[in-house]
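Trainee: Got a minute? I'd like to go through this one with you.
Mentor: Sure, pull it up and ask away.

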Amino acid sequence: MDSIRIRGGRPLAGEIPISGAKNAALPLMAAALLCQGPLILENVPRLADIRTMASLLAQHGLNVERQGPEGRRLVLGGRITSTEAPYDIVRKMRASVLVLGPLLARTGEARVSLPGGCAIGTRPVDIHLKGLQELGAEVRLEQGYIHARVAGRLRGAQIVLPFASVGATENLLMAATLAEGRTEIANAAREPEIGDLATCLNRMGARIEGIGTDRLVIEGVRELSGARHAIIPDRIEAGTYACAAAITGGEVRLRGARLEHIAALARALGDAGVEVMEEAEGILVRRAGKLKGVDVMTEPYPGFPTDMQAQFMALMSVAEGAAMVTETIFENRFMHVPELNRMGARINVHRASAIVRGVKQLCGAPVMATDLRASVSLVLAGLAAKGETIVHRVYHLDRGYEVLEQKLAACGADIERISGSA
Ligand code: EPZ
């Protein structure tokens, strides 16, 4: 298994190109099940999770082809030959559950393995299932699988989500595009990735209104066609490198990043003493002065993203004063805390909040984490720490960060991947 070695203490300087958003690409790929195709997606990141979704779609019978410079164009299309999403693929990646709505809407049935819990929380899919039932599906759970069925088409409905779940909004939005009549999804999640999905669905012939708001109105159509769509830049990747610039006291241009997508993070960084400026081609992040402790609480978009909580906590671990970091989205997303503490951080967790008392300097150590964002928070800590940090289980990072070590090394970080079990 690969690991990453970092020798900390160098301020980052330079430019980092921001890749297409993983969490936009995954539902967009699932949307290919809604049409005969071809659905042509541009700016697709080269990540392990994208390969997993590609193999799931291939298992359903779709043709998935990488084209273009660096293979950033995906061409998807073909006939659905299987409506089963097997445990072996779903257990690798929870976002596999996003095929449920499209398969059901297009073919009238789907058999998708229940994802089960994961490192950051129990993560049930009850909101997805209840919404599909409201659209007229019959849903049964049997032997670890969700069996969903509908005779004829799904029927439009008024759906009020009990929580603005990102995945449930995406699943129901996709399903409703082919339903008979009008669907309204109230308390819908408003993440930019959902806006990107809805925009692409409209290009495919769907009739969705209210994009970007918490009330999506979908007028069902009989069929969708192929389309071409470029995926939005990854706001979490951009936010992560913004924290990297900040923690090292450097200056980095995030090419292609959009400030409007990271407004809550930019506000918190500003309060902490980091300059974040919009430029013609992206965002400039710079820290010259001291870092100050700032409290943050994760919330659905446009609030502070849970996917930035671990990275921001790494930053706060070297700020002056204390910071309270509260996690409201997932019940178990503090797995990075003991690892950061091993690097000399002073963080105490009480229920959903972590008190971070800033220290002057972190110290390098061998560390490992259990999920993607926790792992990258340890990389950030390593960039600022004295001495050597080795981050194990790099496969977590490969799920969501494209050539992370190359992007950081190009800005002067002393970072390298060590192959094998070293
Ligand atoms: C998406 O996950 C993202 N994944 C996550 O990113 C992100 O952390 C999360 O949204 C929140 O922003 C993708 O987009 C592929 P949710 P999702 O449904 O859709 C509870 C990363 O690091 N819930 O909004 O699974 C759930 O347990 C990943 O890139 C139910 O109770 O998130 C959680 O506590 C990690 N029942 C909360 O809602 C349901 O039916 C938010 O989950 C659905 C969700």
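Mentor: Before we start, buried here means under 20% relative accessible area. Also keep in mind that this is a predicted model.
Trainee: Okay, so what share of the residues is buried?
Mentor: Of the 422 residues in the protein, 58% are buried.
Trainee: And how many helices and strands are there?
Mentor: The protein has 14 helices and 24 strands. Its radius of gyration is 21 Å, close to the 22 Å from the globule rule for 422 residues, so the protein is as compact as a globular protein of that length.
Trainee: What box do the C-alpha atoms fill?
Mentor: Roughly 65 × 45 × 45 Å, along the principal axes.
Trainee: What about contacts, how much comes from residues far apart in sequence?
Mentor: Take the contacts with a separation of 6 or more: 73% of them are between residues 24 or more positions apart.
Trainee: Switching to the surface, how much is accessible?
Mentor: About 16500 Å², with 48% of that belonging to carbon and sulfur atoms.
Trainee: And how many charged side chains, positive and negative?
Mentor: There are 49 positive and 46 negative ones, and the centres of the two sets lie 2 Å apart.
Trainee: Let's zoom in. Where is Ser113?
Mentor: Ser113 is in strand β7, which covers residues 109-113.
Trainee: Is Ser113 buried or exposed?
Mentor: Buried, because its relative accessibility is 1%, and the cut-off is under 20%.
Trainee: Which residues does Ser113 contact?
Mentor: Not counting neighbours within four places in sequence, Ser113 touches Ala85, Pro86, Tyr87 and Val90, plus Gly144, Tyr145 and Ile146.

Key. Residues are numbered from 1 along each chain as its sequence is written. This is a predicted model: local features need pLDDT of at least 70, side-chain atom pairs count only at pLDDT 80 or more; totals for chains, interfaces and linings use all residues. Side-chain values use heavy atoms; hydrogens and water are left out. Helices (H or I, at least four residues) and strands (E, at least two) are DSSP runs, numbered from the N terminus. The radius of gyration is taken over C-alpha atoms; the globule rule is 2.2 Å times the number of residues to the power 0.38. Buried means under 20% relative accessible area, exposed over 50%, partly exposed in between (1.4 Å probe, protein chains only). Contact means heavy atoms within 4.5 Å. Accessible areas come from the Shrake-Rupley method with a 1.4 Å probe; for residues, only the protein chains shown count as cover. Lys and Arg count as positive and Asp and Glu as negative; His and the chain ends are not counted. The place of a charge is taken as NZ of Lys, CZ of Arg, CG of Asp or CD of Glu.
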